[in-house]
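Here is a friendly walk through one protein model, with a metal site to begin with and charged side-chain pairs to follow. Keep the viewer open as you read.

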Amino acid sequence: MKELEKTFSVCPICHQEGIIQKINASIIEDDKKIWIIKSCQKHGFFKEIYFRDIDLYKRWIIYKAKTKSFSYIKTRILEYPELYDTHMSQTMLTNLVVTNRTDFYSDKKNFNAHEVGYVYEPSIIQLKELMLQTRKVKPKASDSIQITGGEPTLRNDIFNIIQIAKKVGFSHIQMTTNGIKLAENLDYCQRLKTEKLNTIYLRFNGTKISTNPLIKYHTKVLENLRKVNLNVVFDTELNHINIQEAGKIVNFAFNNIDIVRGVHFQPNLENRYSDKINQSKDIFIDLIETFNSIEKEFPGFISRDDFYPSSIAYPISQLIEMLINEPQIEYTPHPGCGGSTLIFLNNGEPLPITRFINIEALVNFIKKEAQKKGPLRKLRFATSLVKNINSFTFNNKIPDGFDLKKIAKDAAIGGKDFALRNYNKKTLIIGIMWYQDARNLNIDRLQRCVIHCPTFEGIIPFCSYVGLRFNEKIHKKYSIPIDLWEKINNRRLMEDFKNL
Ligand SMILES: [Zn+2]
């Protein structure tokens with residue numbers, strides 16, 4: 001047993017009893033895995049899985065970025081104690097819950113209206129205030145927002161919500177949905193497109209009925225979104241039931257690559273809402289099990305080594321800042337949060353970007369370039385990048401029609417435009433983000449959380465909002481009881497549910 005890092009956490013049993021208290025914790029290496037260990041004076045010792053692949057962990061952890069502090073993120077709300085003093089990451093994505101109603105059984109117990117007994121549904125004016133919370137911050141506001149629930153399509157004013165998000169300055173708007181409404185109504189999909197919603201985050205948990213009871217609907221959703229040309233990302237919760245299917249889900253995405261832009265895996269989600277603390281050693285589904293399933297589906301084509309933590313892009317944000325002389329959102333999540341990769345479909349075969357670009361060498365080059373200041377920096381960088389670009393590629397594997405020199409030139413001159421637009425219909429982003437809860441909580445990670453939730457109590461990180469279930473108290477405080485909601489709306493809440 002070897003200690004790798006000292007950190008802090010909370011006791012999961014105390015948390016279950018409603019007490020949140022910061023306790024010492026360590027990240028350790030033992031039995032060829034990474035664990036988090038901690039002791040509570042009352043409930044004793046806890047040892048939870050943290051990362052099942054030591055080599056990958058060590059390769060990723062070096063990308064832990066040096067960060068600044070951002071005081072606009074609240075580290076203390078309601079009666080919760082302060083778990084750390086200042087937040088160390090900016091808002092990369094604003095996560096906005098617009099309702100806790102749903103129309104389909106979901107495993108998000110302790111969250112949905114029918115489970116908790118109250119309806120949390122901010123008014124349109126309140127939602128605008130919440131959006132402005134993350135739009136008003138300095139030095140750089142979040143440009144991306146995820147409109148989420150519950151089921152956002154249950155709101156009759158959803159188009160208005162999207163319009164307001166645009167109006168207050170979000171340039172990328174995505175909405176999570178179970179897809180029922182989108183499958184049933186093509187005009188609705190068209191309207192979402194007309195309102196300039198950028199991406200549908202479809203809760204897609206499997207390719208067959210046993211893992212995804214909505215699979216027939218989801219096939220129809222893809223058909224409809226294809227007709228209106230609206231991009232979709234699979235938002236996939238992984239648990240013990242569907243973990244083996246992760247690879248198949250990626251395959252399904254490849255088969256719909258004209259409309260599916262990526263798969264966002266969320267292992268461990270079931271545990272976030274579990275009410276029973278189970279101390280059995282291997283309860284967690286983690287990143288590594290997700291990789292195992294993907295590797296099994298694509299042997300030799302996709303492996304965990306193709307993935308990097310988002311913070312590898314930190315030097316890119318620094319470079320852009322230097323080039324255009326404007327503050328940028330810095331990519332500083334903790335490497336323990338997860339990783340992603342960009343995969344090209346080349347002659348029918350998946351080809352991760354890491355197979356033809358030496359990402360580490362390129363990032364090191366960018367890191368050095370970002371330090372060079374002075375006049376003509378854009379031109380100097382463009383020249384240097386184009387001159388060096390071949391040294392970052394493995395030329396024998398470059399996908400057909402892919403012109404890295406041209407992309408490099410456009411990116412260097414455009415500064416901000418790293419998007420591979422022309423390759424849009426030929427690539428998938430596969431991301432895996434492993435959520436925290438009271439058991440595996442690493443406060444160092446919480447402190448660097450980049451997904452932020454605007455609330456009536458201030459902006460807080462997603463890892464405490466959902467991971468530590470702060471959302472329950474916040475929602476309850478700003479909700480109305482179901483019977484009152486039913487009286488106001490003159491109908492029963494359960495009428496939301498579809499007879500599928
Ligand atoms: Zn305890």
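Let us start at the zinc ion, whose protein donors are C11 (SG), C14 (SG), C40 (SG) and H43 (ND1), lying 2.2 to 2.3 Å from the metal. Please keep in mind that this is a predicted model. The angles among the four donor atoms run from 102 to 113 degrees, and the site is tetrahedral. For reference, the ideal angle for four tetrahedral donors is 109.5 degrees.

Along the sequence, the donor residues follow the spacing C-x2-C-x25-C-x2-H. Within this set, C14 and C40 link distant parts of the chain: C14 sits in helix 1 (residues 12-16) and C40 in strand 3 (residues 33-40), 26 residues apart. Are these two cysteines, C14 and C40, buried or exposed? C14 counts as buried because its relative accessibility is 7%, under the 20% cut-off. C40 is buried too, with a relative accessible area of 10%.

Now for the charged pairs. The structure holds 30 salt bridges, and the table shows some of them.

| Acidic residue | Basic residue | N to O distance |
|---|---|---|
| E151 | R203 | 3.4 Å |
| D157 | R155 | 2.9 Å |
| D258 | R226 | 2.6 Å |

In the salt bridge of E151 with R203, the closest N and O atoms are 3.4 Å apart. This pair links distant parts of the chain, with E151 in the loop between strand 7 (144-148) and helix 5 (158-167), and R203 in strand 9 (residues 199-203), 52 residues apart. E151 is buried, at 0% relative accessibility, and R203 is buried as well, at 15% relative accessible area.

The side chains of D157 and R155 also meet in a salt bridge. Here D157 is partly exposed, with a relative accessible area of 22%, whereas R155 is buried at 6%.

Next come D258 and R226, whose side chains meet in a salt bridge at 2.6 Å, N to O. Which elements does this pair connect? D258 lies in the loop between helix 9 (246-255) and strand 11 (260-267), while R226 belongs to helix 8 (residues 215-228), so to speak a link between distant parts of the chain, 32 residues apart. D258 is partly exposed, at 30% relative accessible area, and R226 is partly exposed at 34%.

Finally, have a look at R101, E121, R491 and D496, which are linked in a network of salt bridges.

Note on methods. Residues numbered from 1 in each chain as written. Predicted model: local features only at pLDDT ≥ 70, side-chain atom pairs only at ≥ 80, totals over all residues. Heavy atoms only, no water. Salt bridge = Lys/Arg side-chain N within 4 Å of Asp/Glu carboxyl O. Helix = DSSP H or I, 4+ residues; strand = E, 2+ residues; numbered from the N terminus. Buried < 20%, exposed > 50% of the residue type's maximum accessible area, 1.4 Å probe, protein only. Donors = N, O, S within 2.8 Å, 3.2 Å for Na, K, Ca; no water. Tetrahedral: all angles 85-135°; square planar, octahedral: opposite > 155°, others 65-115°.
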